[in-house]
Amino acid sequence: MMVTAPVSLAGMQGGEWFRVIRFGIGLMLALIGFTADPAAAGAPTDAMKGTIDEILRILRDKDLKQPAKANERRQVLEKVVADRFDYPEMSRRALGASWTGLSDQEKQEFVSLFRTLLTNSYAEKVESYSGEGVQYLNERTEQDYAEVRTKVLSGKTEIPLDYRLLQKGGEWRVYDVVVDGVSLVSNYRGQFTKILRTSSYSDLVEQLRKKSDKIKSP
């Protein structure tokens, strides 16, 4: 059945897409920041600081700064982030109830496409920033869940940015990022829900495929 006016990811070029980019920039700033409050540090905070320190090391690598190494450095950075971020968990939460009806193959495809979308939200900007500071404010834990609260310092601007983590296999993995009180995963879920209500899951995936192909094209 044809839908006359489906919601489109391309429509996020306006205010809605600006909010997603804002999330990406906030995430990027936090990942390249430094400074920590040892008194607030715990296992989840240590995990985040380990990821941030590794990204700083890559950004400062003189060999990887060479123009010819641009793609290589991007791949290395993305791997470090992927080692900390739980993309399947983020995908499940962003898609909501529709996730349970997918086959294993469909889930794998959705995670791959969503990962590309998330990565592109900040990857290009990560390499453009250095020296911004991040204060590790505190952390809260409850069984296998934790939240690490940080504040990104950029000039005179302070951006509250919190990481929500889930412990899996002895590792703390990020499943959501909250920028200035607004959840990254919830923001995407809102966009996906609109598409699913007016069209179909197949249409959502097709839009994600097109956006992914555009991102990956030279």
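Are Phe114 and Phe192 buried or exposed? Both Phe114 and Phe192 are buried. This is a predicted model. The points below cover aromatic pairs, two helix packings, helix α4 and the surroundings of Asp63.

**Aromatic pairs**

- The structure contains 9 aromatic pairs.
- A pair of aromatic rings is described by the distance of the centres and the angle of the planes.
- Phe114 and Tyr188 have ring centres 5.1 Å apart and planes at 90 degrees, so this pair is edge-to-face.
- Phe114 sits in helix α5 (residues 104-126) and Tyr188 in helix α6 (residues 184-198), so their pair ties together parts 74 residues apart in sequence.
- Phe114 is buried, and Tyr188 is buried too.
- Phe114 also pairs with Phe192: the ring centres are 5.6 Å apart and the planes stand at 70 degrees, so this pair is edge-to-face.
- With Phe114 in helix α5 and Phe192 in helix α6, the pair ties together parts that are 78 residues apart in sequence.
- One aromatic cluster is formed by Trp99, Phe110, Phe114, Tyr188, Phe192 and Tyr201.

**Helix α6 against helix α7**

- Two packed helices are described by the angle between their axes and the distance between the axes.
- The axes of α6 and helix α7 (residues 201-216) come within 8 Å and cross at roughly 130 degrees.
- That crossing makes α6 oblique to α7, because the angle falls in none of the parallel, antiparallel or perpendicular ranges.
- From α6, the contact uses Phe192, Ile195 and Leu196.
- From α7, the contact uses Tyr201, Asp203, Leu204, Gln207 and Leu208.
- By class, the residues of this contact are 6 nonpolar, 1 polar and 1 charged.
- Phe192 and Tyr201 belong to this contact, and both names appear in the aromatic cluster.

**Helix α2 against helix α3**

- Helix α2 (residues 43-60) and helix α3 (residues 70-84) have axes that come within 10 Å and cross at roughly 175 degrees.
- That makes α2 roughly antiparallel to α3, because angles over 145 degrees count as such.
- On the α2 side, the contact is made by Ala47, Met48, Thr51, Glu54, Ile55, Ile58 and Leu59.
- On the α3 side, Arg73, Val76, Leu77, Val80, Val81 and Arg84 take part.
- The contact of α2 with α3 has 9 nonpolar, 1 polar and 3 charged residues.

**Asp63 in the loop between α2 and α3**

- Asp63 is placed in the loop between α2 and α3.
- Asp63 has a relative accessibility of 36%, so this residue counts as partly exposed.
- The side chain of Asp63 makes a polar contact of 3.2 Å with the side chain of Gln66.
- A polar contact of 2.7 Å links the side chains of Asp63 and Lys69.
- Asp63 and Arg73 are 10 residues apart in sequence, and their C-alpha atoms are 9.4 Å apart in space.
- Arg73 is one of the α3 residues in the contact with α2.

**Helix α4**

- In helix α4 (residues 87-95), the buried residues are Tyr87, Glu89, Met90, Ser91, Ala94 and Leu95.
- At the start of α4, a side-chain oxygen of Asp86 reaches to within 3.1 Å of the backbone nitrogen of Glu89.
- Glu89 is thus named twice: as a buried residue of α4 and as the partner of Asp86.
- Just after α4, Gly96 takes a positive phi of about 75 degrees.

Key. Residues numbered from 1 in each chain as written. Predicted model: local features only at pLDDT ≥ 70, side-chain atom pairs only at ≥ 80, totals over all residues. Heavy atoms only, no water. Axes fitted to C-alpha atoms, helices over the stretch in contact; angles between N-to-C directions. Helix = DSSP H or I, 4+ residues; strand = E, 2+ residues; numbered from the N terminus. Parallel < 35°, antiparallel > 145°, perpendicular 65-115°, else oblique. Contact = heavy atoms within 4.5 Å. Nonpolar A, V, L, I, M, F, W, Y, C, P; charged D, E, K, R; others polar. Phe/Tyr/Trp six-rings, centres within 6.5 Å; stacked < 30°, edge-to-face > 60°. Buried < 20%, exposed > 50% of the residue type's maximum accessible area, 1.4 Å probe, protein only. Polar contact = N/O pair within 3.5 Å; in protein donor to acceptor, adjacent residues only side chain to side chain.
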